[in-house]
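Good morning, colleagues. Please take a moment with the sequence and the structure before I begin.

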Amino acid sequence: MQPFREAYRGRGPFASESRPPLATRYVPFARSMAGYTRLRCRSDVIAGITVAALALPSAMAYAELAGAPVSAGLYALLLPVVAFAVFGPAPRLVVGPEGTVSLLVAASLAPLAVTGSTDYGVLAAMLSVMVGLVFLIARAIRLGWIADYFSQAVLVGYITGVAVVLVLGQLGKLVGVSSDEDGAIKEAVDIVVHLDDANPTTVAVAGLSLVLLVVLGRTGRRIPGALLLVVLGIAASWVLDLASHGVAVTGPVPSGLPSVSMPRIGGSELRDLGAAAVAIFLVSFSDSILTARSFAARRHEVVDANQELLAMGVTQIASGMSQGIPVGTSGSRTAVNDDMGATSQVSGLASAAMIAAILLFLTGPIQYLPSAVLGAVIVFSAIKLIDPAQWHSLALSSKTEAGIAGVTALFVLTIGVLPAIVVAVVLSLTDVIRRAARPADAVLGWSDSEGRYVDVIGHPGAGITPGVVVYRIQDRMFFANAHFFKRRLWAAVDGAPKPVRHVVLDASFVSDIDASAEVALREVVDVLREKGIELHVARAAMELRERFDEVGLTDLIGADSFHGTVEAAVEQCASGQVTE
């Protein structure tokens, strides 16, 4: 036996020996600055500038979609981005005005004020503050565990569905055809039907943009393809006067920075906004954590869901107090940010600084940027989000999980992000319950070659002790598998060489029991005794033993019938002696 050399001395076995400083725990940006280099800074700044160029026109479009003044979308690219850069746990995640959130804003505020009015803008700002408060409440009660129910299948299906939605959503920009249809699929079909109306110049601009992105993408990150394309697009649009050829451009951009103040509305309006704030919280958090974890998984990083709640709460409040609108996670801009080599939220700070500079001094050139260029950048980045290797891995590991991923992707396309996520999580939970209801189990026999008890099905030569059945169930015991446990145990007893005098339950995988499992165990003990069979329990963890003590199972089974190992239990059964 090896000597014991050291104890934990007052700390838990899963706790770090030294807690990180408060600043790095709640301000991940401070942690990311450790070992920060000039090379990383260059990559972050280039990525941030590129994202800013994409975010500016997108923010204007999403503000209009939300029914708010265009300026509200632009202001949501300043303080909110800075707030998330400081508190956000995901180093590459990009926040700002987003389509799904904007649609919810429009649906919530349309009955309360005239679209585009000053009152509407105030309501939108207050709604953002309220969404932020919901996030902070969720953080205070540690609701981050909700994110753990977004399985890998949900992640893969979600990001694939979003990627397809992003591509379909840009078709109109690429061909110069608009559609009034609702939904990505209907809109895309409508555009395809009306391809005869496509603008040849717009198609040419989009085609050349995609070709340039592909060519530059093969040269590595030394040349920032998206940023170079945006600059070339502005220059070509100005020199060739593309707008006169029917090419849609960004148009005039309002200049100036917002003031910071708390929006003021009446009490009745506050009550009207409550349900909308919760709905936007659900959509925004689901989208944020799914996107963050999808990109983090590519670099073997971990995203703290509770920190994400804190970061998004501060971000939403910052948006509302700076006259912005509720924000969400931008999958397309996050893809561009990642593709450009961003390593930290310095890219977010660079993006905010670039937006501020543009709003103050450079609104003129941006108005010439062709929408087709932006569409090409988003399409190019979105296609990279679809990872065939992940789908192949899912299909190999579990056909059920692959199906859940497919349903998630399909529902993102057809019924929207929030309903799709709800359905996917329900399917995942159903799969968990299905597996728990039929857990792995085994009848065990002794293997001389391995020196341990093994599954007799996988090891036909394993020896069994006459009169003793060793049964193992490999999961916690609860209502969903209580009847399965009884059926399988009776089957093991019926299938064993007669007579059976002892049953040893290997409880090494049983972490806990609920009331249904307790009733099942009592029934098993009673029936076994009627047949002259004694139940023994081996390898029960301390927590399980304590649970047995609490509900009286220890007294029912007998304290002498609990053993530290299966070997000890079988040895006592075989010898006909029962000891402690």
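The second largest pocket of this predicted model has a volume of about 340 Å³. Its lining consists of 20 residues, and those nearest the centre of the pocket are Pro28, Arg31, Pro89, Pro91 and Val302. Two elements, helix H1 (22-26) and helix H2, each give two or more residues to this lining. The largest share comes from H2, with four residues. By class, the lining of the second largest pocket contains eight nonpolar, six polar and six charged residues.

Helix H2 (28-32) leads us to helix H5, since H2 is among the elements that cover the buried residues of H5. Which residues of helix H5 are buried? Within this helix, residues 79-87, they are Pro80, Val81, Ala83, Phe84 and Ala85. Besides H2, the cover includes helix H4 (70-75), strand E1 (95-96), helix H14 (305-321) and helix H16 (346-361).

I turn now to enclosed space. In general, rolling a probe the size of a water molecule over the atoms shows where empty space is left. How many cavities of 30 Å³ or more are there in this model? The count comes to four.

The largest cavity has a volume of about 120 Å³. Of the 16 residues that line this cavity, Val51, Val81, Val94, Gly348 and Ser351 lie nearest its centre. Val81 has already been mentioned as one of the buried residues of H5. Helix H3 (38-66), H5, helix H15 (331-339) and H16 each supply at least two residues of this lining. Its composition is nine nonpolar, six polar and one charged residues.

For the second largest cavity, the volume is about 90 Å³. Its lining is made up of Gln152, Leu155, Val156, Ile159, Arg293, Ser294, Ala297, Arg298, Leu385 and Gln390. Helix H8 (152-169) and helix H13 (267-298) are the elements that give two or more residues to it. These lining residues divide into five nonpolar, three polar and two charged.

Helix H13 also takes part in the next topic, the aromatic rings. As a general matter, a pair of aromatic rings is described by the distance of the centres and the angle of the planes. The structure holds seven aromatic pairs. In one of them, the ring centres of phenylalanine 135 and phenylalanine 281 are 4.8 Å apart and the planes stand at 80 degrees, so this pair is edge-to-face. The two residues belong to distant parts of the chain, 146 residues apart: phenylalanine 135 is in helix H7 (residues 118-140), and phenylalanine 281 is in helix H13. Are these two residues buried or exposed? Both phenylalanine 135 and phenylalanine 281 are buried.

Phenylalanine 281 also pairs with phenylalanine 285; here the centres are 6.0 Å apart and the planes at 0 degrees, so the pair is stacked. These two residues are four places apart in helix H13, and therefore about one helical turn separates them. Phenylalanine 285 is buried, as is phenylalanine 281. Together, Phe135, Phe281 and Phe285 form one aromatic cluster.

Lastly, the cysteines. A disulfide is, in general, a covalent bond between the sulfur atoms of two cysteines. How many disulfides does the structure hold? The number is zero. Cysteine 573 has a relative accessible area of 5%, and is therefore buried. Cysteine 41, at 31% relative accessibility, counts as partly exposed.

Notes
Residues are numbered from 1 along each chain as its sequence is written. This is a predicted model: local features need pLDDT of at least 70, side-chain atom pairs count only at pLDDT 80 or more; totals for chains, interfaces and linings use all residues. Side-chain values use heavy atoms; hydrogens and water are left out. Buried means under 20% relative accessible area, exposed over 50%, partly exposed in between (1.4 Å probe, protein chains only). Contact means heavy atoms within 4.5 Å. A disulfide is a pair of cysteine sulfur atoms within 2.5 Å. On a 1 Å grid over the protein atoms alone, a cavity is a set of points where a 1.4 Å probe fits but cannot get out, and a pocket is an open set with protein on both sides within 12 Å along at least five of seven lines; lining residues have an atom within 4 Å of a point. Grid points are joined across faces, edges and corners, and a volume is the space filled by probe spheres set on the points. Ala, Val, Leu, Ile, Met, Phe, Trp, Tyr, Cys and Pro count as nonpolar, Asp, Glu, Lys and Arg as charged, and the others, Gly among them, as polar. Rings of Phe, Tyr and Trp (its six-membered ring) pair if their centres lie within 6.5 Å; planes under 30 degrees apart count as stacked, over 60 as edge-to-face and the rest as tilted.
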